[in-house]
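Subject: Structure handover and notes

Hello,

Please find the structure below, with my notes after it. Read them with the model open beside you.

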Amino acid sequence: MECPNGCLPPMEERKEEKLFHRNSKSVVISDLTMYVCPDCGQESMPLSSARIVEDVLNGRIKPSGKFIAELYEISFIG
Ligand SMILES: [Zn+2]
């Protein structure tokens with residue numbers, strides 16, 4: 001897979017933890033396969049991962065646990 005910004009090195013496959021929003025709820029998907037450009041840091045989601053995200057957001061995949069994190073709202077920073 002090539003970087004959409006036209007960088008020379010091929011994008012690297014990485015497993016990442018990604019946060020998504022469903023209505024007013026946040027969901028986290030761990031070990032989601034992403035492509036990351038080693039040059040500019042551009043991320044790209046492969047179709048297989050996009051399908052997983054879609055299934056999760058549509059409630060077709062049941063959660064395996066709860067994720068609790070501290071919330072930082074940008075409007076309070078600075
Ligand atoms: Zn790039």
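Cys40 is partly exposed, because its relative accessible area is 39%. The terms work like this: buried means under 20% relative accessible area, exposed means over 50%, and partly exposed is in between, with a 1.4 Å probe and protein chains only.

Some background before the rest. This is a predicted model, in which local features need pLDDT of at least 70 and side-chain atom pairs count only at pLDDT 80 or more, while totals for chains, interfaces and linings use all residues. Residues are numbered from 1 along each chain as its sequence is written, and side-chain values use heavy atoms, with hydrogens and water left out.

The zinc site

Which residues are the protein donors of the zinc ion? They are Cys3, Cys7, Cys37 and Cys40, each through its SG atom, lying 2.3 Å from the ion. A donor here is an N, O or S atom within 2.8 Å of the metal (3.2 Å for Na, K and Ca); water is not among the atoms, so sites may look incomplete. The 4 donor atoms subtend angles of 107 to 112 degrees around the zinc ion, so the arrangement is tetrahedral. For four donors, that label requires all angles to lie between 85 and 135 degrees.

Along the chain, the donors follow the spacing C-x3-C-x29-C-x2-C. Cys7, in the segment before strand 1, and Cys37, in the loop between strand 2 and strand 3 (43-44), are 30 residues apart, and this pair links distant parts of the chain. Strands (E, at least two residues) and helices (H or I, at least four) are DSSP runs, numbered from the N terminus. Both Cys7 and Cys37 are buried; Cys37 counts as such because its relative accessibility is 2%.

How many disulfides are there? The count is 0, where a disulfide is a pair of cysteine sulfur atoms within 2.5 Å.

Residues in the same part of the chain

Gln42 also has its place in the loop between strand 2 and strand 3. With 28% relative accessibility, Gln42 counts as partly exposed. Its C-alpha atom is 7.1 Å from that of Cys3, although the two residues are 39 apart along the chain.

Glu2 is found in the segment before strand 1, and counts as exposed at 69% relative accessibility. Between the C-alpha atoms of Glu2 and Val36 there are 9.7 Å, for 34 residues along the chain.

The largest pocket

The largest pocket holds about 820 Å³ of space. On a 1 Å grid over the protein atoms alone, a pocket is an open set of points with protein on both sides within 12 Å along at least five of seven lines, unlike a cavity, where a 1.4 Å probe fits but cannot get out; lining residues have an atom within 4 Å of a point. Grid points are joined across faces, edges and corners, and the volume is the space filled by probe spheres set on the points.

Of the 22 lining residues, Ser26, Val27, Val28, Gly65 and Phe67 are the closest to the centre of the pocket. Two elements, strand 1 (12-22) and strand 2 (25-36), give two or more residues to the lining. Strand 2 provides the largest share, 6 residues. By class, the lining has 11 nonpolar, 5 polar and 6 charged residues. Here Ala, Val, Leu, Ile, Met, Phe, Trp, Tyr, Cys and Pro count as nonpolar, Asp, Glu, Lys and Arg as charged, and the others, Gly among them, as polar.

Two positive phi values

Asn23 is in the loop between strand 1 and strand 2, and its phi is near 50 degrees, a positive value in a residue other than glycine. Asn23 is exposed, with 78% relative accessible area. Asp31, in strand 2, has a phi near 60 degrees, also positive in a residue other than glycine. Asp31 is exposed at 56%.

Around helix 1

Is Pro46 buried or exposed? Pro46 counts as buried because its relative accessibility is 9%. Pro46 lies in the loop between strand 3 and helix 1 (47-57), and its C-alpha atom is 16 Å from that of Leu19, 27 residues away along the chain.

Ile74 lies in the segment after helix 1 and is exposed, with a relative accessible area of 68%. From Ile74 to Tyr35 the distance is 27 Å, C-alpha to C-alpha, with their positions 39 residues apart in sequence.

Regards

Key: Four donors count as tetrahedral if all angles lie between 85 and 135 degrees; four count as square planar and six as octahedral if opposite donors are over 155 degrees apart and all others between 65 and 115; anything else is irregular.
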